[in-house]
Amino acid sequence: MTDEEQERDYVFTIDDVTQYATGLYAFMDIDCMRDLFGESSDYFNVVFSDRELSIPSGKLYSVTSKDEIAKSSEVFVNMMKPMVVTLLVAATVIFCVVMYLMMKVMIDRSAFGISLVKIFGYRMSEIRKLYLNGNFYVIALGTAICIPLSKLVMDARYPLMVSNVASAINIHFSWQLYVGLYLCIMVLYFVINHFLVRRLRSIQPAEVLKNRE
C-alpha cells in the first residue's frame, strides 16, 4: 500500500479476505496500527457504530452515515444502469442471431433430405424430431456446463479489470440466478426453434427436382 502524502510504501501480509460490500477496506489489529503509524493509544482512524457516539467534533475528520452511503451507491447504480442494460440486450440479440443462423445453415444444407422425407410421407412432427429436436440436448447440456464455467473465468478476470477502482462489489451469484439464466436461454431456444419450424415448413418437395443431376 502507498501513502501518497508521506511518500511511503507499506507491505502487509493478507491473512484472510471477506465480502464487505460497502467498500474496499484493510483491517488490522488496532495496537499494531498505532505502533506502525506512530499514533497515540486513543487514536482511531475509522470507527463503525450502529448508534450515535459522543465524540468531540474536533477529533473527527468526517462522518458518514448509512443513508449517505446508500445515496452515493444509488447514483453509481443509476449511472451504470444504461450500460448494463445495453450490454444485456446486445448479448441477448447476438446470442439469438448466432443460434438462429447456425441452425438455419444446418437446415438449408439438409434441404434436399428434408424435401425427400416429405415426399416419403413423413409428418412435420417427425421431421422436426430428425432435424431440430436433437439440438435441444446439445443446448441444454452445453448451457448447464458453460454458465458456471463462464462465471469462473469472469471471476478470475474481473479483479484485473477493476484494479484501479477503490470499491468492493459482491459478484457472488445465488443459485436462483443460475437457474434464471438457464431458463432464459432455454426460453430463447424455444422461440428460435419456433421460427426454424416455419423454415422447415417452407421447404417444398420440389427441392428434390431442383437438385437432380
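This is a short tour of a few helices and a nonpolar core in a predicted model.

Start near the N terminus of helix H1 by selecting residues 30–37 along with Asp 29. Asp 29 is the N-terminal cap here, with a side-chain oxygen 3.1 Å from the backbone nitrogen of Asp 31. Now slide to the other end: after H1 comes Gly 38, and its phi is positive, near 65°.

Next, pick out helix H2 (residues 66–109) and helix H6 (residues 175–202). Their axes sit 10 Å apart and the packing angle is about 35°. Turn the view until you can see the crossing, which is right-handed.

Which residues of H2 and H6 meet? On the H2 side, show Thr 92, Phe 95, Cys 96, Met 99, Tyr 100, Met 103, Lys 104, Ile 107 and Asp 108. On the H6 side, add Ile 185, Leu 188, Tyr 189, Ile 192, Phe 195, Leu 196, Arg 199 and Leu 200. Colour this contact by class and you'll get 13 nonpolar, one polar and three charged residues.

Keep Ile 107 selected and look around it. Setting aside neighbours within four places in sequence, Ile 107 is in contact with Ile 114, Leu 132, Leu 196, Arg 199, Leu 200 and Ile 203.

That brings you to the last stop, the largest nonpolar core, with 19 residues. Ile 107, Leu 132 and Leu 200 touch the most other members. To see who contributes, show H2, helix H3 (111–119), helix H4 (124–131), helix H5 (133–161) and H6: each supplies at least two residues of this core. H6 gives the largest share, six residues.

Definitions and conventions: Residues numbered from 1 in each chain as written. Predicted model: local features only at pLDDT ≥ 70, side-chain atom pairs only at ≥ 80, totals over all residues. Heavy atoms only, no water. Axes fitted to C-alpha atoms, helices over the stretch in contact; angles between N-to-C directions. Helix = DSSP H or I, 4+ residues; strand = E, 2+ residues; numbered from the N terminus. Left-handed = near helix turned anticlockwise from the far one by under 90°. Contact = heavy atoms within 4.5 Å. Nonpolar A, V, L, I, M, F, W, Y, C, P; charged D, E, K, R; others polar. Polar contact = N/O pair within 3.5 Å; in protein donor to acceptor, adjacent residues only side chain to side chain. Core = buried A, V, L, I, M, F, W, Y, C linked by side-chain atoms within 4.5 Å. Buried < 20%, exposed > 50% of the residue type's maximum accessible area, 1.4 Å probe, protein only.
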